[in-house]
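This report sets out selected features of one protein structure. The sequence and the structure are shown first, and the description follows.

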Amino acid sequence: KKIILTNTNFGGNVYLENGTIIVGTERYIGGNKKVIQNSLPPDAFPQWLKSGFEKKYLLRDLLMSTLIYNNTIPDSEQEFLISKIIEWGKICVITEMALRLGNEDIKPEILLRWSVDQYNWAEKNEKALWKYLKTNKLLFSRNEKDHAFILNNGPYTIGFSEQSPDRLGQYLGWKMVRNYIFEEEISLSEIVKLDYKTILKKYNP
C-alpha cells in the first residue's frame, strides 16, 4: 500500500509491516563511499557487509522481502536442509522472473547479491557444493546450525574456502528450481506448490 524511504541508522535494508514497506536508504548509497568507510565501526560493519550497500540491489530486496513477508512460498512440512534450499530457490526464481524488464534478464550476481567473481566461483564449484552436502549427509539435516552455515549471510559459506561467497545454499536452490522450470516448462504458480522431492529428483549438477 505504501513505500516509505527513510533513515534507519543502518538498522536494515527493507522492513514490511501492515502493508507498508520501509526502506533504509542509507543502506543503498554505495559501500565504497567515504562516509560509509570512515563512519561505520568495522567490527559491527565489516567490509563484506558494507560492499552490499549498493543501489543496484534495491528492487531485488524490495521484491524478495515482500515474497518472504507474505509467505508466498509455503513452508515445507519437513525441516530438512534440502527443503529449505529449495524454498529459497523458489523465492530467488520468482524474484528473478518478476524483475525481467524489457524482456531482459536480471544479472544473476545482482539477484544473488554477489560480485561477478563470487558468482563465477559458485558456477565453477556447483558440483563440489553438491558433493560436499551429500558426503557430509547434510541434505536431510534438521540441525539449525547446518542450515545457517549454508543459507545465512556472512563473509563466506562455512565449510568452504574464504574465497567462496556466502549463502551458497540459496544459489543451489535457485539452480535447482530454475533448471526444473525450464526442463518441465511449468508456470511460477505451479512451482510454488511443487513438493521439494519432485524438484530434487530432477537435479543433476
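The sections below treat the sheet, the nonpolar cores, a pair of helices and one loop residue.

The model is predicted, so to speak of local features a pLDDT of at least 70 is needed, side-chain atom pairs count only at pLDDT 80 or more, and totals for chains, interfaces and linings use all residues. Residues are numbered from 1 along each chain as its sequence is written, and side-chain values use heavy atoms, with hydrogens and water left out.

**The sheet**

Helices (H or I, at least four residues) and strands (E, at least two) are DSSP runs numbered from the N terminus. Two strands pair if DSSP finds at least two bridges between them. Three strands form an open sheet with mixed pairing, in the order E1-E3-E2. E1 and E2 are the edge strands, each pairing on one side only. From one strand to the next, the twist averages 20 degrees; axes are lines fitted to C-alpha atoms, for helices over the stretch in contact, and angles run from 0 to 180 degrees between N-to-C directions.

Strand E1 (residues 2-6) is parallel to E3, with five bridges. Strand E2 (residues 14-17) is antiparallel to E3, with four bridges. Individual partners in E3 are listed here.

| Residue | Partner in E3 |
|---|---|
| Lys2 | Thr20 |
| Leu5 | Val23 |
| Val14 | Val23 |
| Leu16 | Ile21 |

E2 and E3 form a hairpin with two residues between them, and Asn18 in the turn has a positive phi of about 50 degrees.

Buried means under 20% relative accessible area, exposed over 50%, and partly exposed in between (1.4 Å probe, protein chains only). Strand E3 (residues 20-24) is largely enclosed by the rest of the structure, because four of its five residues are buried. Side chains alternate along E2: Val14 and Leu16 point to one face and are buried, whereas Tyr15 and Glu17 point to the other and are not. Helix H3 (residues 58-69) lies across E2 and E3 and runs at about 35 degrees to E2.

**The nonpolar cores**

A nonpolar core is a set of buried Ala, Val, Leu, Ile, Met, Phe, Trp, Tyr and Cys residues joined through side-chain atoms within 4.5 Å. The largest has 50 residues, and Ile82, Ile85, Leu133 and Met176 have the most contacts inside it. Contact means heavy atoms within 4.5 Å. Leaving aside residues up to four places away in sequence, Leu133 touches Leu81, Ile85, Leu138, Leu139, Ile150 and Leu172. Another core lies apart from the largest and has five residues, among them Phe10, Leu40, Phe45 and Phe53.

**Helices H6 and H9**

The axes of helix H6 (residues 116-124) and helix H9 (residues 168-184) come within 11 Å and cross at roughly 65 degrees. Tyr119, Trp121, Ala122 and Glu123 of H6 make the contact with Leu168, Tyr171, Trp174 and Lys175 of H9.

**Gln163**

Gln163 lies in the loop between helix H8 (144-151) and H9. Gln163 counts as exposed because its relative accessibility is 57%. Gln163 and Trp121 are 42 residues apart in sequence and 8.0 Å apart in space, C-alpha to C-alpha.
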